[in-house]
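Have your viewer ready and follow along, one selection at a time. We will visit the empty spaces first and the sheets afterwards.

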Amino acid sequence: MHPFSFTKAADTRDALNAGRRGGRYIAGGTTLVDLMRETVERPESLVGISDLPLREVTVTERGGLRIGALASMAETAAHPKVRTLFPVISEALELSASAQLRNMATIGGNIMQRTRCTYFRDVTAACNKRDPGSGCAALKGRNRTHAILGTSEDCVATHPSDVAVAFAALEATVHLLGPDGERRVPFADFLLRPGKTPNREQSLKQGELITAVEVPALPRPLKSGYLKVRDRQSYEFALTSAAVALHVRGGVIQEAKVAAGGVGTVPWKLPAVEVYLVGERPSDALWAAAADHAAKGARPLEHNRFKVELLKRTVARQLRIVGGTR
Ligand code: SF4
């Protein structure tokens, strides 16, 4: 591990001052410390932010949710309002990592976590994300777990977060605080596709701090849930996953929110599936027909062609679980 300095921020202003000077924020540390041990990350200065008052989970005036960036994964998943209003969030969190990690890791850290691409974590391998301009070992290497959507010539790594898939489906907003004040960024614009700069992963400015993630209110009744398909039943990242929320009234689907994980360089919203569902009556045939649109634009690699069909089946299955079998 490379030498670094550590200071603990006493309050938000203190944190922002340190962030402006180039300090890296750290809370649970479950991703960053690992990467520092492997010398993938070499920050010179860390700013501890775990004491900042950003842990609250509240229901907004309109019936959405505001989740403080420092709320732990475990406490967010267990929060009665999260479980009642948006079970898709609780389920995505509970299917992530281990119980120990969920107790430490925060919501802000979770959406900031870096890819699990093995070449990214191997400092001897070519990786444009870790070392811009060095190449991408995954393109011709072992790419079974890599992305089929949103890839570029420079990077094909997936985003590893489960809850980010739920936030993408629900069209959440990320609240930021920085030297220039507060701003809100739609979740779809917060995480960046790799393009020619895979080392740039979020639309954060220097020194900006995530303060909360806000999930908008959706019409009720709303059913939602998260399905994760992986090589083993626990402590494993998604090969494919699906976050689904449906509002059905009078036997007709009025609103559909759908996103997929494990397949995109960012959590992958599925607007073609959503559009196909709205105005239709739930049925097994509908779920299958809608899911056929899930892999639109996919560009599979040598070892991950199976993800195209697996993605469609994952989405169809989760639509059936949430929307019912008919
Ligand atoms: Fe690096 Fe991305 Fe290529 Fe993996 S896929 S080796 S993270 S550039």
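A cavity here is a set of grid points, computed over the protein atoms alone, where a 1.4 Å probe fits but cannot get out. Keep in mind that you are looking at a predicted model. By that rule, two cavities of 30 Å³ or more turn up.

**Stop 1: the largest cavity**

Select Lys 129, His 159, Leu 192, Glu 201 and Thr 265; of the 18 residues that line the largest cavity, these are the closest to its centre. The volume of the largest cavity is about 140 Å³. Colour its lining by class and you should find eight nonpolar, six polar and four charged residues.

**Stop 2: the second largest cavity and the ligand**

Next, pick Cys 117, Cys 127, Cys 136, Cys 155 and Ala 157, which lie nearest the centre of the second largest cavity among its 17 lining residues. This space comes to about 80 Å³, and its lining divides into 11 nonpolar, four polar and two charged residues.

What takes up the space of the second largest cavity? Turn the ligand on: the space it takes is that very cavity. Now show the residues around the ligand, of which there are 15; Cys 117, Cys 127, Cys 136, Cys 155 and Val 156 come nearest. The shell around the ligand is made up of 11 nonpolar, two polar and two charged residues.

**Stop 3: an open pocket**

Keep Cys 117 selected and add Arg 116, Thr 145, Glu 236 and Phe 237. These five are the closest to the centre of the second largest pocket, which has 25 lining residues. The second largest pocket holds about 440 Å³ of space. How does its lining divide by class? Count eight nonpolar, 10 polar and seven charged residues.

**Stop 4: the five-stranded sheet**

Switch to a cartoon view. As background, strands of a sheet pair through backbone hydrogen bonds, either parallel or antiparallel. The sheet to find is open, with five strands in the order E4-E5-E8-E6-E7 and antiparallel pairing. Select 57-59 for strand E4 and 181-186 for strand E7: these are the edge strands, each pairing on one side only. From one strand to the next, the twist averages 20 degrees.

Walk across the sheet from E4:

- E4 and strand E5 (residues 65-68) run antiparallel and are joined by three bridges. Look for Val 59, which stands opposite Leu 65 in E5.
- The hairpin formed by E4 and E5 has five residues between the strands, and Gly 63 in the turn has a positive phi of about 100 degrees.
- From E5, move to E8: the two pair in the antiparallel sense over four bridges. Leu 65 appears again here, this time opposite Val 215 in E8.
- Strand E8 (residues 209-215) also pairs with strand E6 (residues 173-178), antiparallel and over five bridges. Zoom in on Val 174 to see Val 213 of E8 opposite.

**Stop 5: the four-stranded sheet**

Which strands sit at the edges of the other open sheet, E9-E10-E11-E12? Select 223-229 and 268-269: strand E9 and strand E12 each pair on one side only. The pairing in this sheet of four strands is antiparallel. Finish at E9 and strand E10 (residues 240-249), which pair over seven bridges in the antiparallel sense. One pair to label is Lys 223 and Leu 246, its bridge partner in E10.

Notes: Residues numbered from 1 in each chain as written. Predicted model: local features only at pLDDT ≥ 70, side-chain atom pairs only at ≥ 80, totals over all residues. Heavy atoms only, no water. Near = heavy atom within 4 Å. 1 Å grid on protein atoms, 1.4 Å probe; cavity = no way out; pocket = protein on both sides within 12 Å on 5 of 7 lines; lining within 4 Å. Sits in = over half its atoms within 2 Å of the grid points. Nonpolar A, V, L, I, M, F, W, Y, C, P; charged D, E, K, R; others polar. Points joined across faces, edges and corners; volume = space filled by probe spheres on them. Pairing = 2+ DSSP bridges. Axes fitted to C-alpha atoms, helices over the stretch in contact; angles between N-to-C directions.
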